[in-house]
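Here are a few short exercises to work through with the model open beside you. Try each task before you read its solution.

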Amino acid sequence: MRKQVNFWANFEEGRSYHIYNRSINKEKIFKKDTDCELFLRKCNKLILPYFDIEAYCIMQTHYHLLARVKPLSDEILEKIKWQGTVKSRQFLQKEISYNDFLVDQFKRLFQSYATIYNKEKKRNGSLFQKRFKRILIEDAFRWRYILAYIHHNPIHHKFEKEYENWRFSSYLAFLSDEITIISRINVLKKFDENLEEAKKIFVDFHENFKIEKTKNNL
């Protein structure tokens, strides 16, 4: 019997998750480059302090993240204190769990993006579906699959034919030395300790993934 997927798993320290959400009524909420850039800036401010971002892709109506929860440390606790939100105070007072605090950070991400987007577009109301999905990645095979799946999204939706042609995925960040929000070295070392060899394996894995999906029309 196929294992039932928990789409709303609790966040646990040191675990990786496939995190995604889409717009209400499939509205195109990432229409321009500046929309995607705004979302990434908000991720950098609200999510990156508590997660290692292992992959991302932003599409017109939705986004995907592969992210690992950073273990609690004195540095993380200071960042939580700095947030100054109701949920951060509740967490520091041990009234809520780390998971509850992290879920609230994602809610703040959606609200913050929507506030700026709505002001610019002269609209009102929510942009994203109320509950964002977060699926625990339980083994290395699944982790690699989700990494490639996220980067494959523009090809799957027929926006592009090649991974490197979609600007707002993390694929190219792994092949360059430019500053990125991606936890590049840690991810590549899961392919090989030698970073140059890891990049080759990374590319080959994605190409084989694309061939398999194309063969099965997925």
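A residue counts as buried when its relative accessible area is under 20%, as exposed when over 50%, and as partly exposed in between. Keep in mind that this is a predicted model.

**Exercise 1. Work out whether Phe30 and Phe128 are buried or exposed.**

Solution. Start with Phe30: its relative accessible area is 3%, so it is buried. Then take Phe128, which has 6% relative accessibility and therefore counts as buried.

**Exercise 2. Describe the geometry of the ring pair Phe30 and Phe128, and say which parts of the chain it ties together.**

Solution. A pair of aromatic rings is described by the distance of the centres and the angle of the planes.

Step 1: the ring centres of Phe30 and Phe128 are 6.2 Å apart, and rings pair if their centres lie within 6.5 Å.

Step 2: the planes stand at 55 degrees, so this pair is tilted. For reference, planes under 30 degrees apart would be stacked and those over 60 edge-to-face.

Step 3: find both residues in the chain. Phe30 belongs to the loop between β1 (16-22) and α1 (33-46), while Phe128 belongs to the loop between α4 (98-121) and β4 (133-136), so the pair ties together parts that are 98 residues apart in sequence.

Step 4: widen the view. The structure has 32 aromatic pairs. Ring pairs link Phe30 and Phe128 into a cluster with other residues, including Phe39, Tyr63, Phe110 and Tyr117.

**Exercise 3. Which rings do the charged ends of Arg131 and Arg144 sit over?**

Solution. The charged end of Arg131 is over the ring of Trp8, 4.0 Å from the ring centre. For Arg144, the ring is that of Phe205, with the charged end 5.8 Å from its centre.

**Exercise 4. Find how many disulfides the structure holds, then check Cys36 and Cys43.**

Solution. There are zero disulfides. Cys36 is in none, and the nearest cysteine sulfur, in Cys57, is 9.0 Å away. For Cys43, the closest cysteine sulfur is that of Cys36 at 11 Å, which is too far for a bond. Now add accessibility: Cys36 has 5%, so it counts as buried, and Cys43 has 4%, so it counts as buried.

**Exercise 5. Where is Leu77, and which surface patch does it help form?**

Solution. Leu77 is in helix α2 (residues 74-83). Its relative accessible area is 32%, so Leu77 is partly exposed. Together with Leu72 and Leu92, Leu77 forms a nonpolar surface patch with about 200 Å² of accessible area.

Methods. Residues numbered from 1 in each chain as written. Predicted model: local features only at pLDDT ≥ 70, side-chain atom pairs only at ≥ 80, totals over all residues. Heavy atoms only, no water. Patch = residues over 30% accessible without salt bridge, like charges linked within 9 Å, V, L, I, M, F, W, Y side chains within 5 Å. Areas by Shrake-Rupley, 256 points an atom, 1.4 Å probe, with all protein chains shown as cover. Salt bridge = Lys/Arg side-chain N within 4 Å of Asp/Glu carboxyl O. Helix = DSSP H or I, 4+ residues; strand = E, 2+ residues; numbered from the N terminus. Buried < 20%, exposed > 50% of the residue type's maximum accessible area, 1.4 Å probe, protein only. Phe/Tyr/Trp six-rings, centres within 6.5 Å; stacked < 30°, edge-to-face > 60°. Lys NZ or Arg CZ within 6 Å of the ring centre and 35° of its normal. Disulfide = S-S within 2.5 Å.
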